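Visitor: I'm new here. Could you walk me through this one and explain the terms as we go?
Guide: Happy to. Let's take a look.

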Amino acid sequence: MSTVTLKQELNVAKRLLLRSQAATELPDIISHADLNYQWPSIRDEIDQQIQEEECGPLNTEILDYPKGAIDVRPLSRFSIRDHLVYDALVYRIAPQVDANIAKSVYSYRWQPKTSQLGFPITSWLRMRMTAISQINKDPSLRLASTDVSSFYEHVDIATLTDDLYAVSPDLWTLKRVGKFLTNFQDINHAWGLPQGSDASGILANLYLSPVDEYLKKSGISFVRYSDDMMLFHSEWNMLRDALAGTNRILRSRRLSTSGSKTRIYEPAEAKDLLDDSYKTALAYSIDISSPGSKETLRHYFNKVTSRSTLNMRDLKFAINRLRQIRDDYAVQWCLENLRYIANLAREMFNYFESLTSWSSRIAKSLSDFMGQGESRSYPYLEQRILKYFIRAGIRDDATLQAAWLILKDRNRTKFTREFAARYIGNHARLRESQLLLHMFEEEPDTDMRRALLVALYDANYCSPRLLSRVQGAFPDLKWICGYLKSSPQLPLTGKAVS
């Protein structure tokens, strides 16, 4: 029996997973609160499974996450067990991986002293500040910008495995990481690295490290955040040659640059591209409540939304600042354009939740959207809408009807069905609770059983006898059963059982 243990790494994986719940694209219905309740025994059980090479993933849902009005990217939604396994294995070799990453790379940097990753927005801002500093120091610099087409999807796992074996002597861990990634590709309509996990970001950095080394040896100053790259040089031909050389390196790794996003900017254009001085000044004026700052922010929002092509970064800034000052100026526009900016759903719904005086009007508009047949084309929005209603404690008959339709349809995405179950559970009458129990008994999927059990708890139809019976019949639900037996106050608006 192996003496290797991943208990420490699993502790880190759990801590970072819980930390990410506020900002994640795919929040859990109870923010994984059941992990904390029996964590030592859960951790030891997972650790034993990893030692026996039961690495998974056992249960994966591939979701189309919106990048804009039309484009999507495939997000991998693992079971909680598989998520922890993957993260813990990668975090174990993260220090060796990060030691081989150039300083010019800002994404997914591992901090060995604290055993954690830097916050994404902070890392991205640091990269941008470095780029601005480069341009300001030398006004003659041109800037070449590029990124990789469908980067994560086209990472070649065999090549990545060779990279990992060259970086780390930890064969025990490498074998299990390789098995996890191979299984991921074999059992899903997906390939490459799983998207949606910070662990994949760490591995992605290593996969692009030959590009970093090529640019360094070519004398090209650069910064990189994942696959987004900015190159600096005063000579246009030098940048053009560097881009061509970069593309050759990428092709050797089954990748290619995005032609539509590759461009060389002249010095003045580069400065304009990176210059955020207007937004910086506007943010400061809002922070100190400067007279006229609200009107200036509204003017900026109008300017951003009147463009023929929306700049999502500018729009995100405007929505977040309007939320900061509790200004409802953009609410109607957001409601009317939900489907076109679904990729900003997190920002939009944080904005909506900050405006309690608008809750009834927001709820009416969202309810109308849910009642339209085309809402099923936007499962990520449906999930956010249901979460909004749960958090606000709003009972809406039309939305409840839509939630029942979602819950009953096993062809719908699980993460939407799970929040539909929770919304129903928060407002279920006795006969509806009995129907939820019937659906639980017929449900074949473990994640949905968990969601239905939580819904029954919300509905006060989850006795200790029922939990004991469920735990005996469905061993995969023992974690959530043990947690619910403690009569907890659930995250969002879950009710404690008396």
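**Strands, bends and odd angles**

Guide: A144 stands opposite I264 in strand 8. Before we go on, this is a predicted model, where local features need pLDDT of at least 70, side-chain atom pairs count only at pLDDT 80 or more, and totals for chains, interfaces and linings use all residues. Residues are numbered from 1 along each chain as its sequence is written, and side-chain values use heavy atoms, with hydrogens and water left out.

Visitor: How do you know that strand 5 and strand 8 pair?
Guide: Two strands pair if DSSP finds at least two bridges between them. Strand 5 and strand 8 (residues 263-265) have three bridges, in the antiparallel sense, so they pass that test. Strands themselves are DSSP runs (E, at least two residues), helices are runs of H or I with at least four, and both are numbered from the N terminus.

Visitor: And what joins strand 5 to strand 7?
Guide: Five bridges, with the two strands antiparallel. In strand 7, R142 has H233 as its bridge partner, while T146 has M229.

Visitor: What makes strand 6 and strand 8 edge strands?
Guide: The open sheet has four strands in the order 6-7-5-8, paired antiparallel. Strand 6 (221-225) and strand 8 each have a single partner strand, so one side of each has no neighbour in the sheet.

Visitor: Why is strand 5 called mostly covered?
Guide: Buried means under 20% relative accessible area, exposed means over 50%, and partly exposed is in between (1.4 Å probe, protein chains only). Four of the five residues of strand 5 (residues 142-146) are buried, so the description fits.

Visitor: Why is E53 called partly exposed?
Guide: Its relative accessible area is 25%, which falls between the two cut-offs, so E53 counts as partly exposed. E53 sits in the loop between helix 3 and strand 1.

Visitor: What is unusual about the phi of E53?
Guide: Phi of E53 is near 65°, a positive value in a residue other than glycine. Most residues other than glycine have a negative phi.

Visitor: Where else is there a positive phi?
Guide: At S487, with phi near 55°. S487 lies in the segment after helix 24 (478-484) and is partly exposed, at 35% relative accessibility.

Visitor: Why is the bond from G56 to P57 called cis?
Guide: Omega of that peptide bond is near 0°. Most peptide bonds are trans. P57 is in the loop between helix 3 (39-51) and strand 1 (60-66).
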